[in-house]
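Visitor: I would like a close look at one small part of this model, and then a walk outward from there. Could you take me through it?
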There are 4 protein chains.
Amino acid sequence: MAKEIRTIGVMTSGGDSPGMNAAIRAVARACAYYNVKCIGFYRGFQGMIEGDHCVLNARSVRNIISSGGTILKSARSEEFRTPAGRKKAARHLKELDVDAMVLIGGDGTFRGGQIFSEEHDISVIGVPGTIDNDIAGTNYTIGYDTALNTVIDAIDKIRDTASSHDRLFFIEVMGRDSGFIALNTGVGAGAEEILIPEEDMGLDRLLESLKRSKRSGKSSSIVVVSEGDKIGKNVFELADYVTENLPDYDVRVTVLGHVQRGGSPTCFDRTLASRLCVKAVELLLDGEKNVMVGLLNNEIRMTSFEEGLKEDYGINKELLRISDILST
Amino acid sequence: MAKEIRTIGVMTSGGDSPGMNAAIRAVARACAYYNVKCIGFYRGFQGMIEGDHCVLNARSVRNIISSGGTILKSARSEEFRTPAGRKKAARHLKELDVDAMVLIGGDGTFRGGQIFSEEHDISVIGVPGTIDNDIAGTNYTIGYDTALNTVIDAIDKIRDTASSHDRLFFIEVMGRDSGFIALNTGVGAGAEEILIPEEDMGLDRLLESLKRSKRSGKSSSIVVVSEGDKIGKNVFELADYVTENLPDYDVRVTVLGHVQRGGSPTCFDRTLASRLCVKAVELLLDGEKNVMVGLLNNEIRMTSFEEGLKEDYGINKELLRISDILST
Amino acid sequence: MAKEIRTIGVMTSGGDSPGMNAAIRAVARACAYYNVKCIGFYRGFQGMIEGDHCVLNARSVRNIISSGGTILKSARSEEFRTPAGRKKAARHLKELDVDAMVLIGGDGTFRGGQIFSEEHDISVIGVPGTIDNDIAGTNYTIGYDTALNTVIDAIDKIRDTASSHDRLFFIEVMGRDSGFIALNTGVGAGAEEILIPEEDMGLDRLLESLKRSKRSGKSSSIVVVSEGDKIGKNVFELADYVTENLPDYDVRVTVLGHVQRGGSPTCFDRTLASRLCVKAVELLLDGEKNVMVGLLNNEIRMTSFEEGLKEDYGINKELLRISDILST
Amino acid sequence: MAKEIRTIGVMTSGGDSPGMNAAIRAVARACAYYNVKCIGFYRGFQGMIEGDHCVLNARSVRNIISSGGTILKSARSEEFRTPAGRKKAARHLKELDVDAMVLIGGDGTFRGGQIFSEEHDISVIGVPGTIDNDIAGTNYTIGYDTALNTVIDAIDKIRDTASSHDRLFFIEVMGRDSGFIALNTGVGAGAEEILIPEEDMGLDRLLESLKRSKRSGKSSSIVVVSEGDKIGKNVFELADYVTENLPDYDVRVTVLGHVQRGGSPTCFDRTLASRLCVKAVELLLDGEKNVMVGLLNNEIRMTSFEEGLKEDYGINKELLRISDILST
């Protein structure tokens, strides 16, 4: 029989993302609703190791649903990769009578949680919070939708000046291993080309495409580039290469950077965070563990960590085809 | 054998929604890509009746992906409800060699298109464009996500002043027959109560809930009300009723109104519009007709008009429960 | 000789406005910088009467510069209009060793402060915080610039749908006694007509102008109306009147309401609040009192309350002429 | 006697800025109002040289008041620096019967206009349009206020993630020769330090300040750096230097870049553009020339090019002091 859950811990880990506060609020409020104590740990696994924590009640999360960042702060912890580190964390949790943890973060967070849960008798449920959307167990991670709109807003602004000056802009967006942000914002902003890590477009095809675009009468162009695109050059080298080979183009580069991590979350990210975290608490109370919750095919579902962390998180390459058609 | 499609018409009808321009752009660009002529009709069915049209090529839709409203304008047409009106429209389409139509709009638009298609030999495909999200054949209609964020942004602002003055605000949002906007923005904005047409909360429960909220120490509150909520009073009567019965509360009303229809579409609405409309054109070229395209369970799918227009478009009442838990 | 100032109080009063938090922060930080104690009173004069206060140090105002509303809350106080109420307030201030007060608010706040300062030995300096901009002693009040942009953003959205449906919108904005918001947003949003309390346009001229606009080929129109416009009808009566007399027009009304009071302040309002409040603290330390600080002709200046509260706060009617020219 | 003005030309030149479209609209509408023909030249002086132009009437500028960029495009022209280039431009203007020009741009634009006006009998009036605000003849240039808010919005987002991860961010903003943007956004965003070209802070003082900030308990910090700051290192070198010397800090860099040039203009920039350009047209009709119009001490005034282009455009170093006080 599952042990009774009287205290639930919560933390945020990995790169922060908009909606993490909405998620923390939902955990704290759901705990209050079900008369369970809620303890927040600071800076992810590191706070668990150090016992750095606070008690979260319904009031302590008032008015944070609309704010970016995470009141629990986030970090990556080297120490938690060691059995000794995890043992320290387990000891602190025991001392605080924490029976279960809600871990808000990305794949690294879930992997850490999985090992931790196997080594120590703590129920763990993961909630996907990362702007990268690279988690198989959900169609949308918390923060991803906000990041898309932040990028769209920035590209729209750059489009204004690109058009005024007949320029070609290379815009680097986040996504070291996955092209979700580049692909969706590229289509959403009407970019002429999109470069993602999952697909090697090749430099020749890029040049060819830009030449064609010029011939068709377009005077300005936007190319959206994922940090980790496969073409083997960083965005500045790419810009130099194009400048050398297509001297007609007046080329500029913008690296959007960390603005993509901040900002007030969109309605989608707030409701997603709210739904996933209420579910996470309810699942823990029902005796579940070692799973993540996600939005799959428009429903809140749980998935085992193994399944949820599969490499193939299903990027929609169909969008590359859509982009080709629409940038005609 | 399906006749060959050489010219495709497109129009927007019913209440306008953000992303309609992205949709028009996608139809025009997909037509250009497949070497099909594209003709835009102004003011929905009315423009078809009057033959009020323009030729759309890849250039004519440049830079409209980010703008709200619809360059083809929108209207409701009484005349199209008559066989004579539809006959006129069919004649104009014949004269212009229009073989098929993409209709961007809501349920009324689809019903008009269905009858029209049955009476006259014109292939018709519907694309759901409305902020109301009340179409069974898709989980998301174009414009809905933008409207949610417009509302969230407004409620966040009102929350600022509600907190400063310890006030209770009733905020009316759009949704005459469906509570999608109220429900999702209510959860997203952390509203204390949500009133929707699909569920009669009852005045007593509302008063009870507000009293409880006051007792719990909340000094300000937000109640999100759908235009067509079931409680049988409009938002001003509701406010008066609460003022009389809970004199402790300093009550204010805001009717958000038409701001909800405008604004630059979100990334989600832009990519949704792009994907649905490319698909609509491709389906027409493949000989399909009398269907709508939608995003169902994270995939672009077609649904017959009959199926797509079912009354039960599946509002997620689970969100009411989530709201109850989170407004603890 | 001026007495030494060791403790400065601060409060926000009247209708709240974006930037009040930036102002509170600047008072608290300037006090910390000059080694003066800072005490915040809640809900304006009412908190002074009740002794409802908190100590503000550099940390307590961290990260509030970007948030709307006021952490000290705001209210109107009937009791402070009585000598007895003011006496209570003075007693609380004495008990707390408050030597001087920074009052952030509008004309009512300043008048209250002036009387209070005359009756009791408390140095008072006023900082103009109101979205209405109706203070003679400054060209810009804190919150006004943010309100302008909130309104502009809303009208831009309404313009989208007005254009799509060929409609005429009457948009009511705040300003019961002054037309600053209507006038500047009317010009900024390219409104066809602007109705303000300072100028009686007359119904005939309005109809004439709208007819002319229709004849010139404009299919949609925006009329911005100040709450307190002189035409003697409220915005709904106005809309009815126009509908009756110009049946060609499809008329709609939007009352923007309290969204205008909220939101993250603009850069202008934040720097204005910062500059004015540092100056207010420095003036108090220099022995000044009974003055307001303002931005006059691009410089921070102090003005006596008498002068600063003159009726003629100089609305720029020239903008009505500009609007006539530009809505050609 | 001044010759009669029957045709006025308008162009935008130099780096584009938000509000240039509002300015073009105001010139075109004012011309329409005064029954003067209006001709727009593309890409600044270059379009004048090439005779690349369009006729602008009241309709052609409809709905552009809210859009960023410039419909007339902008460029820098090497050819116009030569007498031969300017002669070509004058010839085209003569052919088109252009009697006078409104030049919208920065100091380079005004200098070009001044020489051109002296060499050829064309009346020229300058309107300050640049995000840099580095023009002595006006307190505000068109586009500057919008750029400030774009930067503030970006820094607020970065602040979210900086706080979550306890990081120090160096944020580079535009302003090669002037620190207006850095100074005002630094104060507006509550930056810990601000580095501008007008003031050499020195590396030692920067390190000292950051150390002090750390000691005071701040875990995250923002330093706003002007492109052309005096410290002699670019923003990446600065970050490296600080990382080496203050290993406690986790340092990141964001270069905001061209997003600062785009976006829908603020209310302030729209009304400023409207007022300045109506005035410019009216002054030309009154026989004025060789002047710029600006907003000085809250009034629209004209200034001779000589005066308006003085080196000392009066940056407000007082803000550095304010920043020191407020970042306590």
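Visitor: In which loop of chain D is D:Asn63 found?

Guide: Happy to show you. This is a predicted model, in which local features need pLDDT of at least 70 and side-chain atom pairs count only at pLDDT 80 or more, while totals for chains, interfaces and linings use all residues. Residues are numbered from 1 along each chain as its sequence is written, chains are lettered from A and ligands numbered from 1 in the order in which they are written, and side-chain values use heavy atoms, leaving out hydrogens and water.

D:Asn63 sits in the loop that runs between β3 (53-55) and α3 (83-95) of chain D; helices (H or I, at least four residues) and strands (E, at least two) are DSSP runs, numbered from the N terminus. Although D:Asn63 is not a glycine, its phi is positive, near 65 degrees. Its relative accessibility of 47% makes D:Asn63 partly exposed, a class lying between buried (under 20% relative accessible area) and exposed (over 50%), with a 1.4 Å probe and protein chains only.

C:Asp166 also combines a positive phi, about 50 degrees, with not being a glycine. C:Asp166 belongs to the loop between α5 (144-165) and β6 (168-173) of chain C and is partly exposed at 23%.

Elsewhere in chain C, C:His258 lies in the loop between β9 (251-255) and α9 (267-285). With 13% relative accessibility, C:His258 is buried. Setting aside neighbours within four places in sequence, C:His258 is in contact (heavy atoms within 4.5 Å) with C:Met174 and with several residues of chain B, among them B:Phe169, B:Arg167 and B:Thr254.

Now for the chains as wholes. Chain B is superposed on chain A by a rotation of 180 degrees with 0.0 Å of shift along the axis, at an RMSD of 0.0 Å; the fit is by least squares on C-alpha atoms of residues with pLDDT of at least 70 in both copies. This is the relation of a two-fold axis. The C-alpha of chain B nearest that axis belongs to B:Asn297, 2.0 Å away from it. Of the interface residues of chain B, 100% are also interface residues in chain A, so the copies meet through the same surface.

Two other pairs do not touch. Chains A and C share no contact, their closest C-alpha atoms being 10 Å apart. Chains B and D likewise have no contact, with closest C-alpha atoms 10 Å apart.
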